[in-house]
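Reader: Hello! I have a structure on my screen and would love a close look at one part of it, with a bit of the surroundings to help me place it.

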Amino acid sequence: GWSEPAMAASAQDVEALVSSVRAETGVELPAETARRFLCVSKTPAAALQRYKQFLARFGSNGLAEIDPAAPAIKAELMSGRFILPGTCDRSGSPLLLLLAGRVNASGDILPMAAVKALLYLMDQAMQGDAAQKQGVTVVCDLAETNLSQTMAYLQPMRETLALIQGAFPGRLRKVLVANQSLLSRVMFFLGHILHGKSMYKIESVNNLTSHIAPDQLPNWLEGGTMPYTAEIHEGIVQRLSNSPSLFHSANWRQVDDPNNRPAAPDPTRPTDEASREAAGSDGNSSSSSSS
């Protein structure tokens, strides 16, 4: 499932997981990443399997490294379709807001860029202590959406939730779906019925404030009172783009990967040995010509 009882991540556990990952995958896993995998697993062995699932699932889909500054991903982050406001629900779980109404009326969205943006934000949301203990609450707002928007919005969300299940160092507490029409209700049912275990995590709500205090919701969402402007959103995206991320090469690249090796010497600046050889060659040429 998406949530497992937490285990205490001692320094010995972290060291043991780093060692196991190195032995089985060739990756020198950073200690903080190891701690995150341990905190959402029942045992160190389960943490290792979860990490190996991460490598297999995200690596095979070209998702192991996500650059939030890449133009298409940055456009999705700046669009306001996906928002990490830094607030919590009434249980203390960090909120991630997904706003289908911000998708163009034609449903014009780049699925892979949207998946990468969602994964990046999901990782950021799951990094704090509260997220490790409580899990993240995702709010899907379907207000004022048509069929094209709902379908375009559903695809990257479904792919993201399927990807992280059992292969991510964090917990998803639940998904709250607000402002559903009959059509969107059917679309969500059809979209998630194939993910058996995930169905119990999805809850349709009529009033978000029964789950989230008004001052934790942007004031343009129904019931919200928290100021949240385009300038605030831009500042949050900039800060998150410079934050540590699971989707950095240090978390998956093998130690002996050529890209991890020291840079090759600059060919325009010969080494001492090359300089000596060149000097010797020049000397031979001179004596040869003089004779």
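Is Arg 35 buried or exposed, or does it count as partly exposed, and what is its relative accessibility? Please take me through its salt bridge and its helix, then out into the rest of the chain.

Author: Happy to! Please keep in mind that this is a predicted model. Arg 35 counts as partly exposed, because its relative accessibility is 22%, and buried means under 20%. The side chain has a partner: Arg 35 forms a salt bridge with Glu 32, and the closest N and O atoms are 2.8 Å apart. Both residues belong to helix α2, which covers residues 31-39, and because they are three residues apart there, about one helical turn separates them. Glu 32 is partly exposed as well, with a relative accessible area of 43%.

Now take one step along the chain, to Arg 36. At 6% relative accessibility, Arg 36 counts as buried. Its side chain meets that of Asp 123 in a salt bridge, 2.8 Å from N to O. Asp 123 sits in helix α5 (residues 111-125) while Arg 36 is in helix α2, so this pair ties together parts that are 87 residues apart in sequence. Asp 123 is also buried, at 0% relative accessibility. So helix α2 holds Arg 35, which is partly exposed at 22%, and next to it Arg 36, which is buried at 6%.

A further salt bridge joins the side chains of Glu 28 and Arg 22, at 2.7 Å from N to O. Glu 28 is partly exposed, with a relative accessible area of 37%, and for Arg 22 the value is 37% too, so Arg 22 is likewise partly exposed. A search of the whole structure finds five salt bridges, and those described here are among them.

Stepping back, the chain has ten helices and five strands. Of its 291 residues, 44% count as buried. The chain exposes about 14,200 Å², with carbon and sulfur atoms supplying 54% of that area. Among contacts in the chain with a separation of 6 or more, 77% are accounted for by residues 24 or more positions apart.

The strands make an open sheet of five, in the order β1-β2-β3-β4-β5, and the pairing is mixed. At its edges are β1 (82-83) and β5, each pairing on one side only. Two bridges join β1 to strand β2 (residues 95-99) in the antiparallel sense, and there Ile 83 has Leu 97 of β2 as its bridge partner. Strand β3 (residues 136-141) and β4 run parallel, joined by six bridges; along this pair, Val 136 stands opposite Leu 172 in β4. Strand β4, residues 172-178, is mostly covered, with six of its seven residues buried.

Between β3 and β4 in the sequence you will find helix α7, residues 147-164. This helix has 18 residues and reaches 26 Å from its first C-alpha to its last, close to the 26 Å expected at 1.5 Å a residue. Its buried residues include Ala 152, Tyr 153, Leu 154, Met 157, Leu 161 and Ile 164, along with Gln 149 and Thr 160. After α7 comes Gly 166, which has a positive phi, near 75°.

Beyond the sheet's last strand, Thr 209 is found in the loop between β5 (202-205) and α9 (230-241). At 17% relative accessibility, Thr 209 counts as buried. Its side chain makes a polar contact of 2.6 Å with that of Asn 207. Leaving aside residues up to four places away in sequence, Thr 209 touches Arg 90, Pro 214, Leu 217 and Gly 223.

One last stop is His 248, in the loop between α9 and α10 (272-290). His 248 is partly exposed, with a relative accessible area of 44%. A distance of 6.9 Å separates its C-alpha atom from that of Ile 66, although the two residues are 182 apart along the chain.

To return to your starting point: Arg 35 is partly exposed and is joined by a salt bridge to Glu 32, while the neighbouring Arg 36 is buried and its salt bridge leads across to Asp 123 in helix α5.

Conventions: Residues are numbered from 1 along each chain as its sequence is written. This is a predicted model: local features need pLDDT of at least 70, side-chain atom pairs count only at pLDDT 80 or more; totals for chains, interfaces and linings use all residues. Side-chain values use heavy atoms; hydrogens and water are left out. Helices (H or I, at least four residues) and strands (E, at least two) are DSSP runs, numbered from the N terminus. Buried means under 20% relative accessible area, exposed over 50%, partly exposed in between (1.4 Å probe, protein chains only). Contact means heavy atoms within 4.5 Å. Accessible areas come from the Shrake-Rupley method with a 1.4 Å probe; for residues, only the protein chains shown count as cover. A polar contact is a pair of N or O atoms within 3.5 Å; within protein, one must be able to donate a hydrogen and the other to accept it, and residues adjacent in sequence count only if both atoms are side-chain atoms. The expected span of a helix is 1.5 Å times one less than its number of residues. A salt bridge is a side-chain nitrogen of Lys or Arg within 4 Å of a carboxyl oxygen of Asp or Glu. Two strands pair if DSSP finds at least two bridges between them.
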